[in-house]
Amino acid sequence: MKIGVIQATSQKDKNELLNQCVVTAGEPYGHEVINFGCFADEPGSYSYIEIAVLVSLLLASGAVDFVVTGCSSGQGMMLACNSLPNIICGYVQNPQDAFLFGRINDGNAVSIPLGLNYGWAGEINLQYTIEKLFAG
């Protein structure tokens with residue numbers, strides 16, 4: 001499976017961490033991970049709505065099979081993605097949500113809150129969440 005990583009500019013400083021979490025969780029299962037940004041040094045600014053359009057294009061074109069995305073709260077990206085064709089995007093804020101989404105909802109995208117409740121050890125919750133999404 002090809003997994004795309006892309007998130008809104010509001011959390012571009014977490015792009016490398018998000019990508020590394022997906023690589024760590026996905027590659028043992030043979031998944032290919034492609035990082036589409038937004039990168040920390042990118043001069044442009046993109047809203048979650050603009051990124052959602054890109055998510056739709058990536059999925060509809062077959063460039064990727066699944067997308068891991070997010071914004072500050074994760075809610076805006078999830079709503080924007082679900083308003084577009086070819087996307088079933090779940091809101092995944094913890095390992096339990098990810099585990100259930102990966103087994104019940106059969107979606108092709110998840111939106112993660114990359115700012116909301118992201119404090120001490122936030123990267124550990126992010127890694128465990130992504131691991132549970134792709135495990136099994």
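**Helix packing and buried cores**

User: Helices α2 and α3 are oblique to each other; at what angle do their axes cross?

Analyst: The model is predicted, so local features need pLDDT of at least 70 and side-chain atom pairs count only at pLDDT 80 or more, whereas totals for chains, interfaces and linings use all residues. Residues are numbered from 1 along each chain as its sequence is written, and side-chain values use heavy atoms, leaving out hydrogens and water. Angles (0 to 180 degrees, between N-to-C directions of axes fitted to C-alpha atoms, for helices over the stretch in contact) are called roughly parallel under 35 degrees, roughly antiparallel over 145, roughly perpendicular from 65 to 115, and oblique otherwise. The axes of α2 and α3 come within 9 Å, and they cross at roughly 45°.

User: Which residues of α3 meet α2?

Analyst: Helices (H or I, at least four residues) and strands (E, at least two) are DSSP runs numbered from the N terminus, and contact means heavy atoms within 4.5 Å. On the α2 side, the residues are Tyr48, Ile49, Ile51, Ala52 and Val55. On the α3 side, they are Gly76, Met77, Ala80 and Cys81.

User: Which elements are included in what covers the buried residues of α3?

Analyst: A residue is buried under 20% relative accessible area, exposed over 50% and partly exposed in between, for a 1.4 Å probe and protein chains only. In α3, which spans residues 75–82, the buried residues are Gly76, Met77, Met78, Ala80 and Cys81. What covers them includes α2 (48–61), β3, β4 (89–91) and β5.

User: How far apart are the axes of α4 and α5?

Analyst: Helix α4 takes in residues 95–105 and helix α5 residues 122–134, and they pack at an angle of about 15°, so the two are roughly parallel to each other. The contact is made by Pro95, Ala98, Phe99, Phe101, Gly102 and Arg103 of α4, together with Asn125, Tyr128, Thr129, Lys132 and Leu133 of α5. The distance between the two axes is 7 Å.

User: Which element gives the most residues to the largest nonpolar core?

Analyst: A nonpolar core is a set of buried Ala, Val, Leu, Ile, Met, Phe, Trp, Tyr and Cys residues joined through side-chain atoms within 4.5 Å. The largest one has 20 residues, and those with the most contacts inside it are Val22, Phe66, Val68, Ile130, Leu133 and Phe134. Two or more residues come from each of β1 (2–6), α1, β3 (66–71), α4, β5 (109–113) and α5. With five residues, the element that gives the most is α1.

User: What does Leu133 touch, not counting residues up to four places away in sequence?

Analyst: Leu133 is one of the α5 residues that make the contact with α4, and it is also among those with the most contacts inside the largest nonpolar core. Beyond its sequence neighbours up to four places away, Leu133 touches Phe66, Val68, Ala98, Phe101, Gly102, Arg103 and Val110.

User: What is the relative accessible area of Ala109?

Analyst: Ala109 is found in strand β5, and, leaving aside neighbours within four places in sequence, it is in contact with Phe66, Val67, Ile87, Ile88, Cys89, Gly90 and Phe101. Ala109 and Ser56 are 53 residues apart in sequence, yet their C-alpha atoms are 9.7 Å apart in space. Ala109 is buried, and its relative accessible area is 0%.

User: Is Val23 buried or exposed?

Analyst: Val23 lies in helix α1, residues 15–26, and touches Pro28 and Val33 when residues up to four places away in sequence are not counted. With a relative accessible area of 16%, Val23 is buried.
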